[in-house]
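Hi everyone, thanks for having me. I'll take you on a quick walk through one structure, so have a look at it while I talk.

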Amino acid sequence: MIETLISSKTRIKLLLKFFLNSNTKAYLRGLATEFGESSNAIRVELNRLEEAGMLESSSEGNKKYFTANTKHPLFGEVHNILMKHIGFDQVIERVINRLGDVDQVFVTGDLSRGLNSDIIDLLIIGNINKSYLIDLIEKAEEFISKKIRYITYSRDEALNIDWESFKTQPLLLWADES
C-alpha cells in the first residue's frame with residue numbers, strides 16, 4: 001500500500017528506520033551496508049528528508065548521524081501510517097485489547113530497528129491466558145499476512161528483564177494506562 005504513495009523504495013526504508021522507532025540513530029555508510037544500496041542513493045534521500053525538517057543530524061567524530069525530528073508537525077501522522085503499514089494497528093485491535101490483563105507490549109527484532117520484516121516479534125508483559133493468546137495471534141496473522149512471534153513475562157518475571165541485552169531498545173507498542 002505505502003509503495004503506491006511513495007515511489008522511492010529507499011525513502012520508504014528510511015522512513016521505516018527512523019519513524020517506527022524514534023530513538024533510532026544512524027549514519028550514511030551504516031545505512032548503505034544495512035540496506036544493501038549505494039551510499040549516493042541514500043545520501044540523496046537523507047538530504048531530502050533533512051531539508052524537509054523530518055530528520056535532524058548531528059556530527060560525532062567524522063560521522064554525521066541522523067535521527068527523526070519528533071517535533072516535526074507530520075511526525076505523528078507518518079508514524080501512524082507506518083504503524084498501519086506494518087500491521088501494528090491490527091495487532092493491537094485483534095490481540096492485545098482482547099487479552100485482558102496486559103501491562104505492556106513491546107516490539108523487538110527487526111521492526112524495532114526500523115527494518116521491514118515479515119515477522120513481528122512481540123514481548124508481552126502481564127498475566128495472560130497463553131492458549132487464548134495463540135488463538136488470537138493465529139487470527140491476526142491471517143488478517144495482516146505476517147507471522148507473529150512472542151514471548152510473555154508475568155509481572156514478577158518482568159522485573160528481571162535484562163533490557164540492556166537487546167541489540168536495539170525494544171519499541172513500546174502499547175501500555176495499560178489505567
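Let's start with a single residue, D156, which is found in helix α8, residues 155-158. Before we go on, remember that this is a predicted model. So, is D156 buried or exposed? D156 is exposed, because its relative accessible area is 60%, and the cut-off for exposed is over 50%. Here's another thing you can check on screen: D156 and Q169 are 13 residues apart along the chain, and their C-alpha atoms are separated by 21 Å.

Now let's look at the sheets. Strands of a sheet pair through backbone hydrogen bonds, and they can do that either parallel or antiparallel.

There's an open sheet made of four strands, and reading across it you get β6-β5-β4-β7. The pairing in that one is mixed. Which strands stand at the edges? That would be β6, residues 147-153, and β7, residues 171-175. Each has a single partner strand, so one side of each is left without a neighbour in the sheet. The sheet also twists, by an average of 25° from one strand to the next.

Let's zoom in on one pairing there. Strand β4, residues 102-108, is joined to β7 by four bridges, and the two run antiparallel. If you want to find one of the partners, go to Q104: its bridge partner in β7 is A175. On this sheet you'll also see a helix, α7, residues 130-144. Helix α7 lies across β5 (119-126) and β6, and runs at about 155° to β6.

Okay, on to another sheet. This one is open as well, with three strands in the order β1-β3-β2, and the pairing is antiparallel. At its edges stand β1 (26-27) and β2 (55-60); each of them has a single partner strand, so each has one side with no neighbour in the sheet. How many bridges join β1 to β3? Two, and β3 here means residues 63-68. Look for Y27, whose bridge partner in β3 is Y65.

This sheet has helices lying across it too. Helix α2, residues 9-19, lies across β1, β2 and β3, and runs at about 75° to β3. Helix α4, residues 39-51, lies across β2 and β3, at about 115° to β2.

Let's stay with α2 for a bit. It's mostly covered, with eight of its eleven residues buried. The buried ones are T10, I12, L14, L15, L16, K17, F18 and F19.

You may have spotted a lysine in that list. K17 sits in helix α2, and K17 counts as buried because its relative accessible area is 6%, where the cut-off for buried is under 20%. What does K17 touch, leaving out residues up to four places away in sequence? The answer is T24, A26, L31, E34, F35, R113 and G114.

Helix α2 also packs against α5. Their axes are 10 Å apart and the angle is about 105°, which makes α2 roughly perpendicular to α5. On the α2 side the contact uses L15, L16 and F19, and on the α5 side F75, V78, H79, L82, H85 and I86. Sort the residues of that contact by class and you get seven nonpolar, two polar and no charged.

One of those residues deserves its own stop. H79 is in helix α5, residues 75-86. With a relative accessible area of 19%, H79 is buried. Setting aside neighbours within four places in sequence, H79 is in contact with F19 and L20.

One more helix pair and I'm done. Helix α3, residues 28-35, packs with α4 at an angle of about 120°, and their axes are 9 Å apart. The two are therefore oblique to each other. Their crossing is right-handed. In the contact, L28, R29, L31, A32 and F35 from α3 meet S39, I42, R43 and L46 from α4. How do those residues divide by class? Six are nonpolar, one is polar and two are charged.

That's the tour. Happy to take questions, and feel free to turn the model around while you think.

Terms used: Residues numbered from 1 in each chain as written. Predicted model: local features only at pLDDT ≥ 70, side-chain atom pairs only at ≥ 80, totals over all residues. Heavy atoms only, no water. Pairing = 2+ DSSP bridges. Contact = heavy atoms within 4.5 Å. Axes fitted to C-alpha atoms, helices over the stretch in contact; angles between N-to-C directions. Parallel < 35°, antiparallel > 145°, perpendicular 65-115°, else oblique. Left-handed = near helix turned anticlockwise from the far one by under 90°. Nonpolar A, V, L, I, M, F, W, Y, C, P; charged D, E, K, R; others polar. Buried < 20%, exposed > 50% of the residue type's maximum accessible area, 1.4 Å probe, protein only.
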